[in-house]
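The paragraphs below go from a pair of strands to the domains and then to the pairing of chains. Please keep the model open while reading.

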Protein chains: 2
Amino acid sequence: MDPRVREHAGVIAEHSVDLGAGDNVVIAAHPVASELAVALHEVCGDVGANPVYLSGDDRASRAYLRASEGEFETPDHQRALTEAADVFVFVRANENVTETSDVDPAINADYSRAQQPIRKERLSKRWCLTGFPAPANAQLAGMSTEGYENFVWDAVNKDWEAQREHQERMVDLLDPADEVRIRSGEETELTMSVAGNRTINDYGEKNLPGGEVFTAPVRESVEGSVHFDKPLYRQGREITDVRLEFEDGRVTAHSAAKNEDVLTEVLETDEGARYLGELGIGMNREIDRFTYNMLFDEKMGDTVHMAVGMAYDECVGEGNAVNESATHVDMIVDMAEDSVLEVDGEVVQRDGTFVFEDGFE
Amino acid sequence: MDPRVREHAGVIAEHSVDLGAGDNVVIAAHPVASELAVALHEVCGDVGANPVYLSGDDRASRAYLRASEGEFETPDHQRALTEAADVFVFVRANENVTETSDVDPAINADYSRAQQPIRKERLSKRWCLTGFPAPANAQLAGMSTEGYENFVWDAVNKDWEAQREHQERMVDLLDPADEVRIRSGEETELTMSVAGNRTINDYGEKNLPGGEVFTAPVRESVEGSVHFDKPLYRQGREITDVRLEFEDGRVTAHSAAKNEDVLTEVLETDEGARYLGELGIGMNREIDRFTYNMLFDEKMGDTVHMAVGMAYDECVGEGNAVNESATHVDMIVDMAEDSVLEVDGEVVQRDGTFVFEDGFE
C-alpha cells in the first residue's frame, strides 16, 4: 500500500473527524477506493472505534434506481444506522464517472427527496467527505493515474493549520460583511446579502481537501445573472455552461449548453432548490488545475462557487431563514481573469488574487 | 452480466427470502461478488424493497482486527441497522480465501463474542446465505473459474420443490426419532439423542444452495468419538483431520492435524462451543464434489456434518435446552465408504446411499 494512503487515513481520523475510542463509525467507499477503506479500518482498530463498511458501488445504485418506479421511502434501517452513528467518512471514487448517466433524472430527484432526512441527520454528526485517486477520476482530469495520485495526496496530506491561518484573513473580511458582489467576464454580475450569516473556515475537516471559506446568502437577497463557466458532473452527466438569473433570491431563468434537463430536474427537486444555499470562495493554492471533481475544483484559489439548494445550518445566523432543500449542487465561476469580488464595496479579490496576497493591484 | 447471475438473484428474492414491497434489506457482499449485488439491487428496485449495501471486503476486517487489542463492543449503530432490517442477504465470495489467516485467533474469538447479539437478531429475521463463484473460490476447489461457475449455478438455480420432496423422506425418519448413531471408518462412532427436537428441511431458503435436513442434538446426549475427515476453512486457515471426543455432550478431547490452535480457540469461545449445536445430513446430489466451501460441502449427499456451538432455536423442542454460543462451526464426515447412519436402530444410510434411494443394500 502506498504510504500516502495511511497518511490520508491518519489525517481523516486525527484532523477531520477526531476519531476516538467507542466512536460508531460508518465508512462508505467504492471498491476502487478499498485501500483507503482498509487503512481507515486499521485506524478504527488502533483507537478502538467501531466501523460499519458500506459499499459505494454505483453500479448497484444505478441498477436499483433504474428498476424503481420512483415511489421511495426513507428506509427505517438506514435511518436507524445513521441515528446511532457518531462519525461518517465518505470516500468518493469511481470506476466509471458516467456510471449513473442512464438513470432518469426525475427518479434520481425522487430518491434524493426520500433521502433528505438521512442526509440531514448525517450533517448533525462528525463527518468527512474525501476522495481517492482512482484511474477513472484521473481520466476525467485528463491525467495519468500516478500524476493524479500525486495531485490528490499533495492536496490532502498537508499542513492544515497553515491553511487555516491563510483563510482566516478572508473570514475576517466576509464574516462581518453585508453585501457581496461578484463580477466576471460579460455575463456574471451578481449581488447578495450575507448580513447576519456566519462565514466558516474550511481547513480540511468536513471536506478533505478543504480550502475554502463559505457562508449562506440571505435567502431572498440574490439578484442578477451568473455564468458558471466550469462544467460539473451530476448523476453521471456533464453539465456545461450553466446560466442562472435571480430575482428576489429565486432562480427565474436557467439554461445549460449540455444536459440542461438534468439541471432542470435539480431545480425542480423542491422550492428550496431554486434558491442559493451557499457562497464559497476557493483558497487552496495546492489545487492548481481543474480536475472536474467538485470536491477539488471548488477549493481552487481562483474560483468562487455557489450551490443551489440546502444551506448549512452552521452558516445561518439567528433570525435569518435557512434554505431547506433535498438537493445541494455546487457550481463554479472561474475568477482568474476579468473578475472582481467585492465585499461591502471594497475589492477583496481581483483576477484571482486576494487583497492580502502578493500581486494584488 | 451472465444471465445466471440474475437468475440467482431471482431465486434469492422469490424463493429464499420472499422479498416484497417495503422490505428493508441488508445486502452484504465482497466486491468480487458485485455482479450478484447489482442484480439484487435490481430486484429490490423491481419489487419496491429498500437496500442497504454492506461491503464484505475481508481486507478491511483483517486490518481492523489486527489493529485491535481485543476489547470489543457490540456497536449500537450496527445493532440499530440489524434491528430495523427485515431481510439479510449474505453473499460469500473471496479474493483470497486466506486473507484473514494472520489475525490472532483469540482476537477473532473476542470479536465473535461481541457480535453474538447481532447474529442472534439477524437469525430472527428473513435471511439467506449464498455464494458467488469468484476465481479464488474456484482455485480453492482446484477448478477453472468457468467450471466452478457452472458448478455453483447448477447447485443454486434448480427445482427446489423437487429437492424439498426428496428431503422430506429423511425428515419423516429423523423428526420423530430418539437416537441417532453415526459410524464411519475406524475412528467415528458417535451416538446422540434428538428426542423432542425438530428436523428442518433446508431446500434453499436460509442457505442457497440448500440440500440438507438438520436438527439439534439433545445437549448432554452426545457420546463417543468422531473424525472429521474433510478439511474446513476457519478464519482464513485450513483445519484438517479434526478429532473430537464427547462425554455427556461435552468435548473432552480434541486435536487437528493442521491449525489445531484455531480449533482450540473456537472451542474456548464459551462453554456452549464445547457442545454440538447441529446435526446435518447432506442430500443435494447436484453437489458432486468437495470444493472446500462449507456452504456447498455440507449439502453433499454422502456426508453428515456436525457443528460445535450455537443451536438454531427452530430445531429445539419445548423442554429441551438450546445450546447458546457465540460460535457455530460446521465439520464434515465423509460417509461414502464404510459408513452407516442409524436412526433408532434402523440403518437409514449405508455408504452414502439412503434407504429410500436406488442401490441401498
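How many bridges join strand 1 of chain A to strand 2 of chain A? In this predicted model, the count is six, and the two strands, of which strand 1 spans residues 24-29, run parallel. As a point of entry into the pairing, find A:Asn24, which stands opposite A:Asn50 in strand 2 of chain A. Between strand 1 and strand 2 of chain A the chain passes through helix 2 (residues 34-47), and the resulting β-α-β crossover is right-handed.

Is strand 2 of chain A largely enclosed or not? Strand 2 covers residues 50-55, and five of its six residues are buried, so the rest of the structure largely encloses this strand. Burial here means that 20 or more other C-beta atoms lie within 10 Å of the residue's own.

The next level is the domain. Chain A has two of them, domain 1 (3-156) and domain 2 (160-354). Taken over C-alpha atoms, the centres of domain 1 and domain 2 of chain A are separated by 23 Å. Where the domains of chain A meet, 30 residues of domain 1 are in contact with 27 residues of domain 2. On the domain 1 side, two or more residues each come from helix 1 (3-16), helix 5 (105-123), strand 4 (126-131), helix 6 (135-141) and helix 7 (145-156) of chain A. Helix 5 of chain A provides the largest share of that side, seven residues. Sorted by class, the side of domain 1 of chain A that touches domain 2 holds 15 nonpolar, 11 polar and four charged residues.

Chain A also touches a second chain. The contact involves 39 residues of chain A and 39 residues of chain B. The strands and helix described at the start return here: strand 1, helix 2 and strand 2 of chain A, together with helix 3 (58-67) and helix 4 (76-84), each supply at least two residues of the side that touches chain B. Which element gives the most to this side of chain A? Helix 2 of chain A does, with eight residues. By class, the side of chain A that touches chain B divides into 19 nonpolar, 11 polar and nine charged residues.

Finally, the two chains can be compared by superposition. A turn of 180° and a shift of 0.0 Å along the axis lay chain A on chain B with an RMSD of 0.0 Å. The two copies are therefore related as by a two-fold rotation axis. Both copies use the same surface, as 100% of the contact residues of chain A recur in chain B.

Note on methods
Residues are numbered from 1 along each chain as its sequence is written. Chains are lettered from A and ligands numbered from 1 in the order in which they are written. This is a predicted model: local features need pLDDT of at least 70, side-chain atom pairs count only at pLDDT 80 or more; totals for chains, interfaces and linings use all residues. A residue is buried if 20 or more other C-beta atoms lie within 10 Å of its own, exposed if 12 or fewer, and partly exposed in between; C-beta atoms are placed from the backbone. Helices (H or I, at least four residues) and strands (E, at least two) are DSSP runs, numbered from the N terminus. Two strands pair if DSSP finds at least two bridges between them. A crossover is right-handed if, with the strands pointing away from the viewer, the path from the first strand over the helix to the second runs clockwise. Domain bounds come from an automatic or database domain assignment. Two residues are in contact if their C-beta atoms, placed from the backbone, lie within 7 Å. Ala, Val, Leu, Ile, Met, Phe, Trp, Tyr, Cys and Pro count as nonpolar, Asp, Glu, Lys and Arg as charged, and the others, Gly among them, as polar. Copies are superposed by least squares on the C-alpha atoms of residues with pLDDT of at least 70 in both.
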